[in-house]
Amino acid sequence: MKKMTLMQHFAELRRRVLWTLAFFIVAFGAGWFVAPYIQEFLTAPLIDVWDDAQLLYTGITDGLMINLSLALLVAVMMTTPFALWQIWAFVAPGLHKNERDFIVPIFVISPILFLAGAAFAFYVLFPTVFGFFIELNESAPVPAIIMPAARDYLIFAIRLLKVFGIAFQLPLVMVLLNRAGVLARERVVAMRRYAIILIVIMAAVLTPPDVVSQILLAVPMWALFEISILFMKK
């Protein structure tokens, strides 16, 4: 392979950054058009458990800000894999085969785990938690009108999707640390009880202040922790 000069490396990096920026702009434009459908999709779990569902727009610019926020979210989600591919294409020629074999599974498995965590939150957590909150509010001892702000709800929903997507990266992190010789399987097994306590604390911090959502995050993380041990080398 022909070696590149420093200036050629900078030119190649600049080209890939510009391609990523252009992709982001196109993705943002696409996100603007699909933002109403994403809003409808994200509010579906709430509407399904709430007969008289109504979301409140507290300001005249709420519709614009929601569309911008969702378009930005779409652009980031679409651009991230493209950007990672550009980074990989830039650094891969300088890596050894064993280094490439170590990194490639990360690019493949990490997005899958993130989507699995977000799907778990959307299809399992959301109906349970929203049903709990609606039932609790409707049974209030005083007359009450339930009308959450649309922006607050979307921020809440997207935050939970991110939390579960990141939490589901636990097996990948543990296995990679083990394969790199940093985390021994025997030590993880010996520290299991402390790890479970840490998982419970993390679930309490990362989720809303209700027991249901905390349990629904802690239990899958515990299961993922146990599964990770099976894939760790002795």
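User: What volume does the largest pocket have?

Analyst: Start with the general idea. Rolling a probe the size of a water molecule over the atoms shows where empty space is left. Now the case here. This is a predicted model. Its largest pocket has a volume of about 950 Å³. Of the 32 residues lining that pocket, Leu73, Met77, Phe114, Leu161 and Lys162 are the closest to its centre.

User: Which elements give two or more residues to that lining?

Analyst: There are α1 (6-48), α2 (62-91), α3 (97-138) and α4 (150-167). Look at α2 in particular. With 11 residues, α2 provides the largest share of the lining.

User: How do the lining residues of the largest pocket divide into nonpolar, polar and charged?

Analyst: Sort them by side-chain class. In the largest pocket, 25 lining residues are nonpolar, four are polar and three are charged.

User: How much space lies in the second largest pocket, and how many residues line it?

Analyst: Read it in the same order: volume, centre, elements, classes. The second largest pocket holds about 390 Å³ of space. Its lining has 18 residues, and nearest its centre lie Leu170, Met174, Ala195, Leu198 and Phe225. At least two lining residues come from each of α4, α5 (170-179), α6 (185-190), α7 (192-206) and α8 (211-231). The most come from α7, which gives five. By class, 16 of the lining residues are nonpolar, one is polar and one is charged.

User: Let me step back to the whole fold. How many helices and strands does the protein have?

Analyst: Count the elements, then read their order. The protein has eight helices and zero strands. From the N terminus on, the order is therefore simple to write: α-α-α-α-α-α-α-α.

User: What radius of gyration does the protein have, and what would a compact globule have?

Analyst: Put the two values side by side. The protein has 22 Å, while a compact globule of 234 residues would have a radius near 17 Å. Then check the spans. Along its principal axes, the C-alpha trace covers about 75 × 50 × 20 Å.

User: What share of the residues counts as buried?

Analyst: Of the 234 residues, 30% count as buried. For the outside, turn to the accessible surface. That surface comes to about 14900 Å², and 72% of it belongs to carbon and sulfur atoms.

User: What share of contacts joins residues at least 24 apart?

Analyst: Set a lower limit on separation, then look at the far pairs. Among contacts between residues at least 6 apart in sequence, 83% join residues at least 24 apart.

User: Now single residues. Why does Thr43 count as buried?

Analyst: Compare its value with the cut-off. Buried means under 20% relative accessible area. Thr43 has 7%, so Thr43 is buried. Thr43 lies in helix α1. Beyond its neighbours within four places in sequence, Thr43 is in contact with Leu55, Tyr153 and Leu154.

User: Is Arg16 buried or exposed?

Analyst: Apply that cut-off again. Arg16 is buried, because its relative accessible area is 15%. Arg16 also sits in helix α1. Leaving aside neighbours within four places in sequence, Arg16 is in contact with Gln86, Ala89 and Phe90.

User: Why does Pro111 count as partly exposed?

Analyst: Partly exposed falls between under 20% and over 50%. Pro111 counts as partly exposed because its relative accessibility is 39%. Pro111 is in helix α3. One distance to try on the model: the C-alpha atoms of Pro111 and Thr80 are separated by 9.9 Å, though the two are 31 residues apart along the chain.

How values were computed
Residues numbered from 1 in each chain as written. Predicted model: local features only at pLDDT ≥ 70, side-chain atom pairs only at ≥ 80, totals over all residues. Heavy atoms only, no water. 1 Å grid on protein atoms, 1.4 Å probe; cavity = no way out; pocket = protein on both sides within 12 Å on 5 of 7 lines; lining within 4 Å. Points joined across faces, edges and corners; volume = space filled by probe spheres on them. Helix = DSSP H or I, 4+ residues; strand = E, 2+ residues; numbered from the N terminus. Nonpolar A, V, L, I, M, F, W, Y, C, P; charged D, E, K, R; others polar. Rg over C-alpha atoms; globule rule 2.2 N^0.38 Å. Buried < 20%, exposed > 50% of the residue type's maximum accessible area, 1.4 Å probe, protein only. Contact = heavy atoms within 4.5 Å. Areas by Shrake-Rupley, 256 points an atom, 1.4 Å probe, with all protein chains shown as cover.
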